[in-house]
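Please work through the exercises below with the sequence and the structure side by side, attempting each task before reading its solution.

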Amino acid sequence: MVLDTTETRQNRVESDIETLRTTQANILDHLDSYLKTLNETRDIAAENRDRLDSIGNRQKQMEDRQKRMEDRQNEMANDLKRNTDRLDSIERVTLENSAAIHENRIILLSLATSMGLTIEKPGGDD
């Protein structure tokens, strides 16, 4: 009697095919998982890029504001210098006028003395 191995081989082939199908399904499941992870990573990267763009825009706004503030500070410093120069000029003119008045007073007192006149201060008993 000859053993017929056809059925055994048939079972073995079907078992191998089932094993290959299971392996293929596992591989496809892993690929789906990797694809899902890659898509999530892409979405996260896009969100981070948007956040970075927003931060960059905010930083640009802050730099522009700082530049405007520096310009304003320079304008204020220039205004202060002009005002200080003007006050110095006014002070100088005031001192010159005061000196001229004092000099004129001395001249008038000398003239009055040489003419024998007495000068009285208005409203006073000098």
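The exercises go from the whole chain to single side chains, and the model they rest on is a predicted one.

**Exercise 1. The overall form**

Task: Establish how many helices and strands the chain has, and compare its radius of gyration with that of a compact globule of 126 residues.

Solution: Begin with the secondary structure, where the chain shows 1 helix and 0 strands. Next, take the radius of gyration, which is 52 Å for the chain, whereas a compact globule of 126 residues would come out near 14 Å. The box filled by the C-alpha atoms along the principal axes gives a further view, at roughly 175 × 25 × 15 Å. Finally, turn to the surface: 1% of the 126 residues count as buried, and the accessible surface of the chain comes to about 12,100 Å², with 55% of this area belonging to carbon and sulfur atoms.

**Exercise 2. The span of helix α1**

Task: Compare the reach of α1 from its first C-alpha to its last with the length expected at 1.5 Å a residue, and then find what follows the helix.

Solution: Locate the helix, which covers residues 6–115, and note that α1 has 110 residues. At 1.5 Å a residue the expected length is 164 Å, and the model reaches 160 Å, which is close to that value. For a pair inside this stretch of chain, consider Ala 45, a residue of helix α1, and Asp 16: they are 29 residues apart in sequence, and their C-alpha atoms are 43 Å apart in space. Ala 45 itself is partly exposed, at a relative accessible area of 33%. At the end of the helix comes Gly 116, which has a positive phi, near 80°.

**Exercise 3. Salt bridges along the helix**

Task: Of the salt bridges in the structure, examine those of Asp 64, Asp 79 and Asp 85, giving for each the partner and the distance between the closest N and O atoms.

Solution: A search of the whole structure gives 7 salt bridges. Take Asp 64 to begin with: its partner is Lys 60, and the closest N and O atoms are 2.9 Å apart. These two residues are separated by about one helical turn, because they lie 4 residues apart in helix α1. Asp 64 is partly exposed at 32%, and Lys 60 is also partly exposed, at 45%.

Then consider Asp 79, which forms a salt bridge with Arg 82 at 2.1 Å between the closest N and O atoms. Here the spacing in helix α1 is 3 residues, so that Asp 79 and Arg 82 are likewise separated by about one helical turn. The relative accessible area of Asp 79 is 31%, which makes this residue partly exposed.

Last, Asp 85 pairs with Lys 81, with 3.1 Å between the closest N and O atoms; both residues lie in helix α1, 4 residues apart, or about one turn. Asp 85 is partly exposed at 38%, whereas Lys 81, at 52% relative accessibility, counts as exposed.

**Exercise 4. A nonpolar patch**

Task: Identify the residues that form a nonpolar patch on the surface, and decide whether Met 115 is buried or exposed.

Solution: The patch is made up of Ile 107, Leu 108, Leu 109, Leu 111, Met 115, Leu 117 and Ile 119, which together have about 680 Å² of accessible area. To place two of its members, note that Met 115 belongs to helix α1, while Leu 117 is found in the segment after α1. For the accessibility step, recall that exposed means over 50% relative accessible area. Met 115 has 59% and is therefore exposed, and Leu 117, at 52%, counts as exposed as well. To set Leu 117 against a residue elsewhere in the chain, take Glu 96, which is 21 residues away along the chain, with 28 Å between the two C-alpha atoms.

Key:
Residues numbered from 1 in each chain as written. Predicted model: local features only at pLDDT ≥ 70, side-chain atom pairs only at ≥ 80, totals over all residues. Heavy atoms only, no water. Patch = residues over 30% accessible without salt bridge, like charges linked within 9 Å, V, L, I, M, F, W, Y side chains within 5 Å. Areas by Shrake-Rupley, 256 points an atom, 1.4 Å probe, with all protein chains shown as cover. Salt bridge = Lys/Arg side-chain N within 4 Å of Asp/Glu carboxyl O. Buried < 20%, exposed > 50% of the residue type's maximum accessible area, 1.4 Å probe, protein only. Expected span 1.5 Å × (residues − 1). Rg over C-alpha atoms; globule rule 2.2 N^0.38 Å.
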